[in-house]
Each structure stands twice: as C-alpha cells, then as structure tokens.
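User: Please take a close look at one part of this model. I would like the contact between the two domains, and then the ligand site.

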Amino acid sequence: MPIVKTSKLITIERHIAEEGAMHPEATGEFSHLLRDFTLAMRILARDVRRAGLNDVLGTTDGSNVHGEQVKRLDLHANDIIFRAMDHGGHLCVMASEESNGLIRIPNEYRRGKYVLVFDPLDGSSNIDVNVTIGTIFSIYKRVDPTLVTDGELEDCLQHGYKQVAAGYCMYGSSTQLVYTSGNGVDVFTFDPTIGEFLLTYEKIRIPQRGKIYSVNSGNAHIWPQGIRDYVSWLLRPSDDGLRPYSLRYVGTMVADVHRTLHYGGIFLYPGDARMPDGKLRLVYEVNPMAFLVEQAGGRATDGVNRLLDVKPTSLHQRIPCFMGSTDDVLDVERFLQDALQP
Ligand code: P6P
C-alpha cells in the first residue's frame, strides 16, 4: 500500500518546525509563513462547512479574469488568505486566480523573501452542491532574496522546480492539508475539536500504475487524436487484466489529484480544439500539483515536457496537464507521440 498511516501525534506546526530544523540556515521565517497560512485554512475549513447555513452560497454579479462567474465563497476565501498573509513580513508579493494582477503587500508592512501564489477555492462550480472543493498554494523564494522591495511579476513566474513548498487543503468529508517542501508528501487531517491539523499519512507513494483515469469526457469530440486513441485503449479489456480502467471525475482538481495520489492512475486535462492549452492554470494549479505528484514518486508533463521545467510567461496561462502514476503518464505520452507519426 502506498499510504503510510501514522500513529504519531504531530501537528502541522510541529512537523514544519522539525523540517525547518533539518536546514541549519533556516531562520524560522518559512515556518512562520506556513503557520499563518494554516490559520487561513482553519478559517476556510470552518466557513466552507457552514457555507450552506451562512448564506454565502450563490454567485456574485462579477466574473473573474477568466470570465468565469465568481462564487461569493471564492471572494471570501481570497480575502481570508490575503488578510492572514499580508502583514506577517514573510512575503514580497502574492498572486491569485481571483486577482487580475499582482497582490501587493500593504505599505505599512515589511516585505519578506517569499512569494505566495494560490487558487483560493478550486472547484468553485461544485460549491453549491456540496461537492469537495479546495485551496491550492505554492511558495517560492523571490528571485533576488537580498531585496526588501515589492515583489515583481517575474517572482511569480518562476519555473515550477523552484517551488520551496506546495500543497492543497481539501474541504471534503474531512478537511485535509496535503503538503510538500521537497521532502515527500504528508497529509494532515483537521480535527475541529482541537483546531489542529494532525499528521495522518506520511510520505505518500503513488503506485507505479493505477486502474483509474480522470478526465472530462464531455470534451472527447474535440480531443486530439492521440487522446482519443489513448482513452479507447484504456477501455479495451487486456489479457493481463490491467485494462479496462475505470473513469472517476469529480470536476475539482484537488479531489481528482488527491484520489490519484492515493490510488494511482492518471489525471488529465488535455488541450483540445476549443482550448488548445487546456483549462488548468500553470502557475497556481498545475505547478503545485505537479510538485506534489513528483514528490510522491509520480510523473507530471504537458504531454511532452516535464511541467516543472516549463517557464511560465503569464500569471494565468493555461497548460495541458497529464499527471499521476509514472507508467500511466508514459502511456499517454506514447499515444500522443504515435498520433503525430505520418
Ligand atoms: P471542467 C474547477 O473549475 C477547475 O478549475 C478544476 O478544479 C477542475 O479540474 C476543472 O476546472 C474542471 O473543468 O471543464 O471539467 O468542468
């Protein structure tokens, strides 16, 4: 089994402090940054749970930079994260799916050496029907850590392999924070009776191959030929019993990737005739998830290139993504390559 359940009673703060101690040069600033972020996650865990009672469901009149209707809980989550993170003195800049441009640190607060990019509430289309949603985040060091000025766009457009930490908080049947700082993937489950995130799974290892594929099949008619060939192959029974695969698709990236991390298989959002670069955003959705998948021993590419090696060129750029069990991602890459052969 790829999941190492633990009986150790360790809070996420203790875990972060212990990881910090592994880096003699650590100043504790990173630990304090993550402590502030987990406060925002605690508040959102409470608010998402009570959304139906607090009349925060429903949509605003506005739409975000992507032209998507913005749910009120989206804006609330964006605001909570900003207010938890703007004054700690650890960040020089933030960026969010819900912000057109950079989120500046208010003038009265010190600028730190870290950068936070996040999707405050991923899966917002599922908010009103009580389906799992989540927050995705990624932390970088600023390009020039000697500076104490405002962070710039380039600080938010670094290669994914430069992430110092990434994770997501999933508001599902329980609230779980899945996190990596480059030392494997650990899962912390929120215990609302004590207000703590407790370590529940250590060093998740994704299976080499799974039996589940996760994609929006409603786009099949506009997929590239290689994807159509791949999915048809997955559904053809094989003599070794490895196929057919099962389809599981929540429509919330956090939930679909979380299941893939635990059970293996592949999550894919390919480019298609309508959206050649796919739908998911490289900077604050795909890169954090790619970091987690690789840290769990999986593979994450755009069909050709390692996602963490792709240089972002704009905050909200989209990118095709294929991530999960190594053998499954290699399979889809082969079908994409074969479809290009004359
Ligand atoms: P589709 C949610 O809106 C999201 O950004 C991701 O969480 C999810 O994987 C994807 O979009 C779902 O998109 O086109 O299948 O509804």
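**The domain interface**

Analyst: Two salt bridges are counted between domain 1 and domain 2. This is a predicted model. One salt bridge joins the side chains of Glu154 and Lys311, with N to O at 3.2 Å.

Start with the parts. The domain assignment puts domain 1 at 12-201 and domain 2 at 212-340. Their C-alpha centres are 24 Å apart. Domain 1 brings 50 residues to the contact, and domain 2 brings 32 residues.

Now the area. Interface size is often quoted as the accessible area lost when the parts come together. Between domain 1 and domain 2, about 2900 Å² is buried. Carbon and sulfur atoms give 65% of that area. On the domain 1 side, Ile136, Leu157 and Tyr168 supply 20% of the area buried against domain 2, more than any other three residues.

Polar pairing adds to the picture. Across the interface of domain 1 and domain 2, 16 residue pairs are in polar contact, both residues at pLDDT 80 or more.

Next, the ligand. It is surrounded by 13 residues. Asp122, Asn216, Tyr249, Met253 and Tyr269 are the closest. The shell divides into five nonpolar, four polar and four charged residues.

Three polar approaches can be listed by residue:

- Asp122: a side-chain N or O atom is 2.5 Å from an oxygen atom of the ligand.
- Asn216: a polar side-chain atom lies 2.9 Å from a ligand oxygen atom.
- Met253: a polar backbone atom is 2.7 Å from an oxygen atom of the ligand.

On its own, the ligand has 400 Å² of accessible area, and the protein covers 85% of it.

Notes. Residues numbered from 1 in each chain as written. Predicted model: local features only at pLDDT ≥ 70, side-chain atom pairs only at ≥ 80, totals over all residues. Heavy atoms only, no water. Near = heavy atom within 4 Å. Polar contact = N/O pair within 3.5 Å; in protein donor to acceptor, adjacent residues only side chain to side chain. Areas by Shrake-Rupley, 256 points an atom, 1.4 Å probe, with all protein chains shown as cover. Nonpolar A, V, L, I, M, F, W, Y, C, P; charged D, E, K, R; others polar. Domains from an automatic or database assignment. Contact = heavy atoms within 4.5 Å. Buried area = accessible area lost by both parts, 1.4 Å probe. Salt bridge = Lys/Arg side-chain N within 4 Å of Asp/Glu carboxyl O.
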